[in-house]
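Thanks for coming. I will go through some side-chain contacts, one residue or pair at a time.

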Amino acid sequence: MDLKDSVDRHSLRGLVAGLPPTDARERESIATFLTAFDALEQPFDEHASPIHVTGSAIITGDAGVVLHLHKRLSIWLQPGGHIDPGETPWQAAVREVREETGLEVDTGPDSHRLVHVDVHPGPRGHTHLDLRYHFTSDGAAPAPAAGESQEVRWFGWAEAIGLAEPGLEGVLREMQPGRPVLRRATVADAPACAHVYFRSKAFALPEVPEPHSESEVANWMAETAIPTMDVWVADLDGVVVGQMMLAPGWLHHLYLDPAWTRRGLGDEFLTLLAERQSGRMELWAFQSNHRGRRFYERHGFVAVEFTDGAANEEQWPDVRYVRHV
């Protein structure tokens, strides 16, 4: 997914169109990027239109992730900015890294790849179509140039993900190294479980209404679900990336962070289910959750009842599955 020495609009568009979104935010950003990009005569020139392409860098290394505190926005972000004349987006990202962090990154022929797209408001009424490239660095201490934010440092993955604003969180979750461990949930996990629940539903089931706020779901998990059910989470070095709730004979609320779908984590949860309970198991799924339904059917669940959703909080058509073991 490299963009080398020149900007070929067709090739760049293909890279963006082919990028698998890490969450609902990026899926929307990719669609918005493509529509705006096609309409721009000079998409890389910040002076030609208030809507333009920018380049930024996700810098990782043994020390974690580099973020800097934006001087105007007061939020921790990856380095990046506008594209100067004659630059490719990835070259602009490298320049911004040097200016905003003082770090040198690997710029070999296979060093950079497009990993994320985000569309967001910029200063002066601009809209940034931000292309984000991955670079590695050796973990040296940042030394930003004078006039740049001096608040720049390496963060561990869990801390970086916790600080990240919504447009950055998904790609950090997708890139976090390691493999999650399944463990029993504690009440302290409730906010993280609620967050995964909302990220998962926004990505997989955007059409299904959500009657509760994230804080309401977190409170329910802390006060009811975790104390009274057999609740498990997938924990990757302090970051919750999945959850499953069990009651006698029932599987409830199996949700994975969208950055961890299609990576075998759901299969691990179902293996755990078989270890925790035997015999007849039931679950409800929304009828429009086609990917989830295929997953359950692959694991031996059979649809036995379809309803119009009048009995669930979302008022959305659902289906009851049963598995006999």
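Where is the place of His-120? His-120 is in strand β5, which covers residues 113-121. Before I go on, please keep in mind that this is a predicted model.

Is His-120 buried or exposed? The relative accessible area of His-120 is 19%. The cut-off for buried is under 20%, so His-120 counts as buried. As for partners, the side chain of His-120 has a polar contact with the side chain of Asp-118, at 2.9 Å. Leaving aside residues up to four places away in sequence, His-120 touches Arg-25, His-126, Thr-127, His-128, Asp-130 and Arg-132.

Next, the charged pairs. Side chains of opposite charge can pair when their charged atoms come close. How many salt bridges does a search of the whole structure find? The search gives 26. I will take three of them.

The first on my list is Glu-46 with Arg-124, where the side chains meet at 3.5 Å, N to O. Glu-46 is in the loop between α2 (24-39) and β1 (51-61), while Arg-124 is in the loop between β5 and β6 (127-136), so this pair ties together parts that are 78 residues apart in sequence. Arg-124 has 60% relative accessibility and counts as exposed.

The next is Arg-199 with Asp-257, and here the closest N and O atoms are 2.6 Å apart. Which parts does this pair tie together? Arg-199 belongs to helix α6 (residues 190-204), and Asp-257 to the loop between β11 (250-256) and α8 (265-276), so the parts joined are 58 residues apart in sequence. Arg-199 is buried, with a relative accessible area of 10%. Asp-257 is buried too, and its relative accessible area is 0%.

Then there is Arg-320 with Glu-305, with the closest N and O atoms 2.8 Å apart. This one runs from strand to strand: Arg-320 lies in β14 (residues 318-323) and Glu-305 in β13 (residues 302-307), so the salt bridge ties together parts that are 15 residues apart in sequence. Arg-320 is buried at a relative accessible area of 18%, whereas Glu-305, at 30% relative accessibility, counts as partly exposed.

Which residues are joined into one network by salt bridges that share partners? They are Asp-23, Glu-169, Arg-173, Arg-199 and Asp-257. The Arg-199 and Asp-257 pair I just described is therefore part of that network.

Now the rings. The whole structure has 8 aromatic pairs by the same kind of search. One to look at is Trp-76 with Phe-155: the ring centres are 4.9 Å apart and the planes are at 75°. The cut-off for edge-to-face is over 60 degrees, so that is what this pair is. Trp-76 sits in strand β3 (residues 76-77) and Phe-155 in strand β7 (residues 152-155), so the pair ties together parts that are 79 residues apart in sequence. Both residues, Trp-76 and Phe-155, are buried.

There is also an aromatic cluster, formed by Phe-33, Phe-37 and Phe-44. Phe-37 has a charged neighbour as well: Arg-9 lies over the face of its ring, 4.7 Å from the ring centre. A second case of this arrangement is Arg-263, whose charged end sits over the ring of Trp-260 at 3.6 Å from the centre.

That is the list. I will take questions now.

Methods:
Residues are numbered from 1 along each chain as its sequence is written. This is a predicted model: local features need pLDDT of at least 70, side-chain atom pairs count only at pLDDT 80 or more; totals for chains, interfaces and linings use all residues. Side-chain values use heavy atoms; hydrogens and water are left out. Rings of Phe, Tyr and Trp (its six-membered ring) pair if their centres lie within 6.5 Å; planes under 30 degrees apart count as stacked, over 60 as edge-to-face and the rest as tilted. Helices (H or I, at least four residues) and strands (E, at least two) are DSSP runs, numbered from the N terminus. Buried means under 20% relative accessible area, exposed over 50%, partly exposed in between (1.4 Å probe, protein chains only). A charge sits over a ring if NZ of Lys or CZ of Arg is within 6 Å of the ring centre and within 35 degrees of the ring normal. A polar contact is a pair of N or O atoms within 3.5 Å; within protein, one must be able to donate a hydrogen and the other to accept it, and residues adjacent in sequence count only if both atoms are side-chain atoms. Contact means heavy atoms within 4.5 Å. A salt bridge is a side-chain nitrogen of Lys or Arg within 4 Å of a carboxyl oxygen of Asp or Glu.
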